[in-house]
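Reader: I would like to learn how to read a model like this one with some care. Could you take me through it feature by feature?

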Amino acid sequence: MRALHILASIAGLAIDLTSAQASFRAGQSRDIRFNWGVPEEAATSGSGNVYLQLDAPDTYSWVALGIGENMMTAKIFLVYQDGEGNVTLSTRQGQNHIMPTYVDRPKVELISGSRAADGRMVAKVRCGDCQDLDLTGQNSWVAAWSAGDAVNDKSTGALIKHHDDKRIFTVDLSKASIGSDTDSFSEADQANLASDSDYGIVSTDEFSPIRLAHGIIMTTVFVGIYPLGALLMPVFNKWFLHSASQLLAYILMWVGVALGVTYSRQTSLFGKQTHTRLGLIVVILLSFQPVLGYLHHRYFSKHQSIGLVGHIHIWYGRALMILGVVNGGLGLQLAGQAGGSWVISYSVIASTCFIAYLISIIMSLNKQKRRRAENSRHSGQRWPSPDSLLQTAEETYHPSYYQDPRNIPMKDLTRNRDNTAVDDGK
Ligand SMILES: *[C@@H]1O[C@H](CO)[C@@H](O)[C@H](O)[C@H]1NC(C)=O
């Protein structure tokens, strides 16, 4: 029994040694390495020091790690060369669209082992104020970097150029356990730190099949089926085709929503920025659209004209469709694809569909106008339309018409007496 215990703890120790620190690879060829270390005391008590390591080739001008869901709100650890064989650590607060600004965090410091040598910059960071992290659970992080010349600045306020790229990912700090708080990332851990695979990373914004499926489905729905299905009405006048295609899109949309919610919860993005918020609003508002469509159809079948509910159905749908397409763009931006080939293809497809949609609306409006023009021409001098004939007949032969003396033609005055007599008899 005791032997088993010892064996188990040796096995446990072995696992600890080989998989001690959460690690994440990023950069142009996964040549930037980030590592996390949480001392056991800190993990059990829920507070204490957390260790980070940022290790990148010196072909990068700077690299950064941040706590948070996006660069705008992240608490950033920025690292660049100091020009004297070491690195500068600058703690900064993420900002919207401007360079993150330096904030003093006295409990965050570089420790021994940090250096800029042998073609790499290595920052070993002790964070004494990372208390808001869940030290035994999952936390969102961002990483960003920029290739280029060394900054070579010892001050924490160096100007840096915009990032080349960034990653958003979730780290499971229960997979970052290090033994003691005295010697983080000891040389014994180096082999593990240099390992090429990620460890303790729950999800990343990179190559997520869930996110990809969400994007493809939502694009198909909002850029493809919804506008095409909307066209089926004015162009072909087939309400059944229209409702079938929109219902199909509606079902696909909810599949896309489920995927999006799953992904955004994995990455702790759910409801936290514009894309997920606007997306939820659009799909919730769209859930009324089938009901409006049904009411519109009932009204139209009865009156052969578009009533108030019909106009609401049409414009409500158009507005939400456009919001959906815009939200797709925001989604690509969130995925870090801004300016990339995805955005270009998306914009091209979306604007082609939009223009096709506009053209067909104009065509169908023209068709309606032509029909109306034809009708009024018919009801004019040459060929009275059946409708206008009926109307004239009704007016002319309605008893009240002849009862009004002003309507009686002079030549009929004599004959009229008989007519009225006949009418009166009815
Ligand atoms: C770099 O700076 C840190 C913090 O001051 C220090 O602990 C470390 O020894 C330095 N590294 C070198 C190579 O001088």
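Author: Let us begin with the secondary structure: this is a predicted model, and the protein in it has 12 helices and 14 strands.

Reader: What share of the 426 residues is buried, and what share of the contacts between residues at least 6 apart in sequence joins residues at least 24 apart?

Author: Buried residues account for 31% of the 426 residues, while 64% of those contacts, counted between residues at least 6 apart in sequence, join residues at least 24 apart.

Reader: Which residues does UniProt list under "transmembrane region", and how much of the span 247-264 is helix?

Author: The unreviewed UniProt entry lists residues 212-235, 247-264, 276-295, 315-336 and 342-365 under that name. In the model, residues 247-264 are 100% helix and 0% strand, with end C-alpha atoms 25 Å apart, and residues 342-365 are likewise 100% helix and 0% strand, with their end C-alpha atoms 34 Å apart.

Reader: Which residues surround the ligand?

Author: Around the ligand are G85, N86, L110, I111, S112, S114 and R115, and this shell divides into two nonpolar, four polar and one charged residue.

Reader: Where does pLDDT stay under 50?

Author: Where pLDDT is low, the predicted coordinates should not be read in detail. The average pLDDT of the protein is 81, and 78% of the residues score at least 70, but pLDDT stays under 50 over residues 7-19, which have three contacts beyond four places in sequence, and also over residues 412-426, which have seven such contacts.

Notes
Residues numbered from 1 in each chain as written. Predicted model: local features only at pLDDT ≥ 70, side-chain atom pairs only at ≥ 80, totals over all residues. UniProt positions renumbered as here; feature names shortened; annotations may be inferred. Helix = DSSP H or I, 4+ residues; strand = E, 2+ residues; numbered from the N terminus. pLDDT = per-residue confidence, 0-100. Contact = placed C-beta atoms within 7 Å. Near = placed C-beta within 6 Å. Nonpolar A, V, L, I, M, F, W, Y, C, P; charged D, E, K, R; others polar. Buried ≥ 20, exposed ≤ 12 C-beta atoms within 10 Å, placed from the backbone.
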